[in-house]
Amino acid sequence: AVVSTQSTGGIIHNKRLEAMYRHRQEQRGEPYEIFAYHATAPCNIPNIIRENLDPSRKIVHGRAYGDGCYFSEYPEFSLKYGQECMLIFKLLLIEGKYKRVKPDEAGFCEQLVLEDVNLFKPVFVLWFIDNPPTAPTIF
(Lines give C-alpha, C1' and ligand atoms only; values in the text may rest on other atoms or scores of the structure.)
Protein backbone atom coordinates (compact mmCIF):
# COMPACT_ATOMS: atom_id res chain seq x y z
CA ALA A 1 0.00 0.00 0.00
CA VAL A 2 1.16 3.50 -0.72
CA VAL A 3 0.42 6.40 1.58
CA SER A 4 -1.27 9.19 -0.37
CA THR A 5 0.87 12.23 -1.02
CA GLN A 6 -2.30 14.31 -0.74
CA SER A 7 -2.93 13.59 2.91
CA THR A 8 -3.67 16.33 5.41
CA GLY A 9 -3.24 16.25 9.12
CA GLY A 10 -3.07 18.05 12.39
CA ILE A 11 -1.04 18.02 15.57
CA ILE A 12 -2.96 16.79 18.59
CA HIS A 13 -2.68 18.76 21.84
CA ASN A 14 -4.40 17.09 24.78
CA LYS A 15 -2.97 18.35 28.07
CA ARG A 16 -4.58 15.60 30.15
CA LEU A 17 -3.16 12.77 28.03
CA GLU A 18 0.21 14.52 27.90
CA ALA A 19 0.31 14.80 31.71
CA MET A 20 -0.56 11.11 32.19
CA TYR A 21 2.09 10.10 29.64
CA ARG A 22 4.79 12.31 31.22
CA HIS A 23 3.93 11.02 34.71
CA ARG A 24 4.41 7.43 33.54
CA GLN A 25 7.65 8.38 31.78
CA GLU A 26 9.02 10.03 34.93
CA GLN A 27 8.20 6.93 36.99
CA ARG A 28 10.39 4.80 34.74
CA GLY A 29 13.41 7.00 34.20
CA GLU A 30 14.31 6.76 30.54
CA PRO A 31 12.15 4.21 28.72
CA TYR A 32 12.56 3.66 25.01
CA GLU A 33 10.27 6.08 23.15
CA ILE A 34 9.09 5.56 19.56
CA PHE A 35 6.45 6.72 17.11
CA ALA A 36 3.98 4.17 15.75
CA TYR A 37 0.85 4.11 13.58
CA HIS A 38 -2.77 3.19 14.29
CA ALA A 39 -5.40 3.33 11.52
CA THR A 40 -9.07 3.59 12.42
CA ALA A 41 -12.43 4.71 11.10
CA PRO A 42 -12.92 8.50 10.90
CA CYS A 43 -15.80 8.38 13.40
CA ASN A 44 -13.35 7.16 16.08
CA ILE A 45 -10.89 10.04 15.78
CA PRO A 46 -12.58 12.64 18.05
CA ASN A 47 -12.97 10.18 20.92
CA ILE A 48 -9.42 8.86 20.59
CA ILE A 49 -8.08 12.42 20.66
CA ARG A 50 -10.14 13.25 23.76
CA GLU A 51 -9.82 9.98 25.69
CA ASN A 52 -7.03 7.95 24.04
CA LEU A 53 -7.49 4.36 22.88
CA ASP A 54 -9.32 2.04 25.26
CA PRO A 55 -7.79 -1.45 25.55
CA SER A 56 -11.01 -2.83 27.05
CA ARG A 57 -13.19 -1.64 24.16
CA LYS A 58 -14.72 -4.25 21.88
CA ILE A 59 -12.68 -4.14 18.70
CA VAL A 60 -13.51 -4.89 15.11
CA HIS A 61 -10.38 -6.76 13.99
CA GLY A 62 -9.87 -9.21 16.86
CA ARG A 63 -7.05 -9.72 19.32
CA ALA A 64 -4.73 -12.20 17.70
CA TYR A 65 -1.89 -11.31 20.09
CA GLY A 66 -3.87 -10.74 23.26
CA ASP A 67 -5.54 -7.82 24.97
CA GLY A 68 -4.31 -4.31 24.39
CA CYS A 69 -4.08 -1.62 21.75
CA TYR A 70 -2.32 -2.44 18.52
CA PHE A 71 0.20 -0.22 16.76
CA SER A 72 2.66 -0.71 13.92
CA GLU A 73 6.00 0.79 13.05
CA TYR A 74 4.95 0.42 9.41
CA PRO A 75 2.24 2.81 8.14
CA GLU A 76 1.40 0.49 5.24
CA PHE A 77 0.63 -2.30 7.72
CA SER A 78 -1.71 -0.05 9.71
CA LEU A 79 -3.52 0.99 6.53
CA LYS A 80 -4.89 -2.55 6.30
CA TYR A 81 -7.18 -1.55 9.18
CA GLY A 82 -8.43 1.77 7.84
CA GLN A 83 -7.94 3.61 4.56
CA GLU A 84 -9.34 7.06 5.42
CA CYS A 85 -7.26 8.19 8.38
CA MET A 86 -4.42 7.17 10.62
CA LEU A 87 -3.07 8.37 13.94
CA ILE A 88 0.57 8.64 14.85
CA PHE A 89 1.17 7.77 18.49
CA LYS A 90 4.12 8.24 20.78
CA LEU A 91 4.80 5.02 22.72
CA LEU A 92 6.86 4.34 25.84
CA LEU A 93 8.32 0.87 25.49
CA ILE A 94 9.04 -0.49 28.93
CA GLU A 95 10.37 -4.03 29.21
CA GLY A 96 7.58 -6.43 30.11
CA LYS A 97 4.83 -3.90 29.31
CA TYR A 98 4.41 -4.57 25.60
CA LYS A 99 4.42 -7.37 23.03
CA ARG A 100 6.48 -7.30 19.85
CA VAL A 101 4.98 -9.07 16.84
CA LYS A 102 7.11 -10.12 13.88
CA PRO A 103 10.16 -7.90 14.32
CA ASP A 104 12.32 -7.60 11.20
CA GLU A 105 16.13 -7.72 10.99
CA ALA A 106 16.35 -4.04 12.00
CA GLY A 107 14.11 -4.62 15.03
CA PHE A 108 11.05 -2.82 13.66
CA CYS A 109 7.78 -4.55 14.44
CA GLU A 110 4.76 -5.30 12.33
CA GLN A 111 2.70 -4.88 15.49
CA LEU A 112 3.25 -3.66 19.03
CA VAL A 113 0.60 -4.43 21.64
CA LEU A 114 0.27 -2.29 24.78
CA GLU A 115 -2.38 -2.49 27.51
CA ASP A 116 -1.43 0.45 29.76
CA VAL A 117 -3.05 3.61 28.32
CA ASN A 118 -0.44 5.75 30.06
CA LEU A 119 2.23 4.28 27.79
CA PHE A 120 0.89 5.81 24.58
CA LYS A 121 -0.69 9.02 23.37
CA PRO A 122 -1.92 10.30 20.01
CA VAL A 123 0.26 13.10 18.61
CA PHE A 124 -0.82 13.52 15.00
CA VAL A 125 -3.75 12.60 12.77
CA LEU A 126 -3.39 11.97 9.03
CA TRP A 127 -6.41 12.18 6.75
CA PHE A 128 -6.53 10.47 3.35
CA ILE A 129 -9.95 11.82 2.33
CA ASP A 130 -11.23 14.97 0.66
CA ASN A 131 -12.47 17.66 3.06
CA PRO A 132 -11.35 16.08 6.36
CA PRO A 133 -12.61 17.52 9.63
CA THR A 134 -10.58 20.34 11.13
CA ALA A 135 -11.37 21.48 14.67
CA PRO A 136 -12.46 19.92 17.06
CA THR A 137 -9.96 17.16 16.26
CA ILE A 138 -7.09 19.41 17.34
CA PHE A 139 -6.98 20.24 21.05
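**Exercise 1. Find how strands S4 and S7 are joined, and state how covered S7 is.**

Solution. Strand S4 (residues 85–93) and S7 run antiparallel and are joined by seven bridges. Helices (H or I, at least four residues) and strands (E, at least two) are DSSP runs, numbered from the N terminus, and two strands pair if DSSP finds at least two bridges between them. The model is predicted: local features need pLDDT of at least 70, side-chain atom pairs count only at pLDDT 80 or more, and totals for chains, interfaces and linings use all residues. Residues are numbered from 1 along each chain as its sequence is written, and side-chain values use heavy atoms, with hydrogens and water left out.

Next, take one position along the pair: leucine 87 stands opposite valine 125 in S7. Last, turn to the cover of S7 (residues 120–127): seven of its eight residues are buried. Buried means under 20% relative accessible area, exposed over 50%, partly exposed in between (1.4 Å probe, protein chains only).

**Exercise 2. Locate isoleucine 48 and list what it touches.**

Solution. Isoleucine 48 is in helix H2 (residues 45–51). Its relative accessibility is 6%, so isoleucine 48 counts as buried. Leaving aside residues up to four places away in sequence, isoleucine 48 touches Leu17, Thr40, Leu53, Leu87, Phe89 and Pro122; contact means heavy atoms within 4.5 Å. Isoleucine 48 and lysine 121 are 73 residues apart in sequence, and their C-alpha atoms are 9.2 Å apart in space.

**Exercise 3. Describe the largest nonpolar core.**

Solution. A nonpolar core is a set of buried Ala, Val, Leu, Ile, Met, Phe, Trp, Tyr and Cys residues joined through side-chain atoms within 4.5 Å. The largest one has 24 residues, and Phe71, Phe89, Leu91, Leu114 and Phe120 have the most contacts inside it. At least two residues of this core come from each of strand S2 (32–40), H2, strand S3 (69–71), S4, strand S6 (109–114) and S7. S4 supplies the largest share, six residues. Another core, of seven residues, lies apart from it and has among its members Ala39, Leu79, Met86 and Val123.

**Exercise 4. Classify the ring pairs of phenylalanine 89.**

Solution. Rings of Phe, Tyr and Trp (its six-membered ring) pair if their centres lie within 6.5 Å; planes under 30 degrees apart count as stacked, over 60 as edge-to-face and the rest as tilted. By this rule there are four aromatic pairs.

- Phenylalanine 71 with phenylalanine 89: 5.0 Å centre to centre and 65° between the planes, an edge-to-face pair. Phenylalanine 71 lies in strand S3 and phenylalanine 89 in strand S4, so the pair ties together parts that are 18 residues apart in sequence.
- Phenylalanine 89 with phenylalanine 120: the centres are 6.1 Å apart and the planes at 70°, so this pair is edge-to-face. Phenylalanine 120 lies in strand S7 and phenylalanine 89 in strand S4, so parts 31 residues apart in sequence are tied together.

Together, ring pairs link Phe71, Phe89 and Phe120 into a cluster. Phenylalanine 89 counts as buried because its relative accessibility is 0%; phenylalanine 120 does so at 1%.

**Exercise 5. Give the strand order of the open sheet and identify its edges.**

Solution. The open sheet has three strands in the order S3-S6-S5, with antiparallel pairing. S3 and strand S5 (98–103) each have a single partner strand, so one side of each is left without a neighbour in the sheet. S5 and S6 pair over five bridges, and arginine 100 stands opposite leucine 112 in S6.
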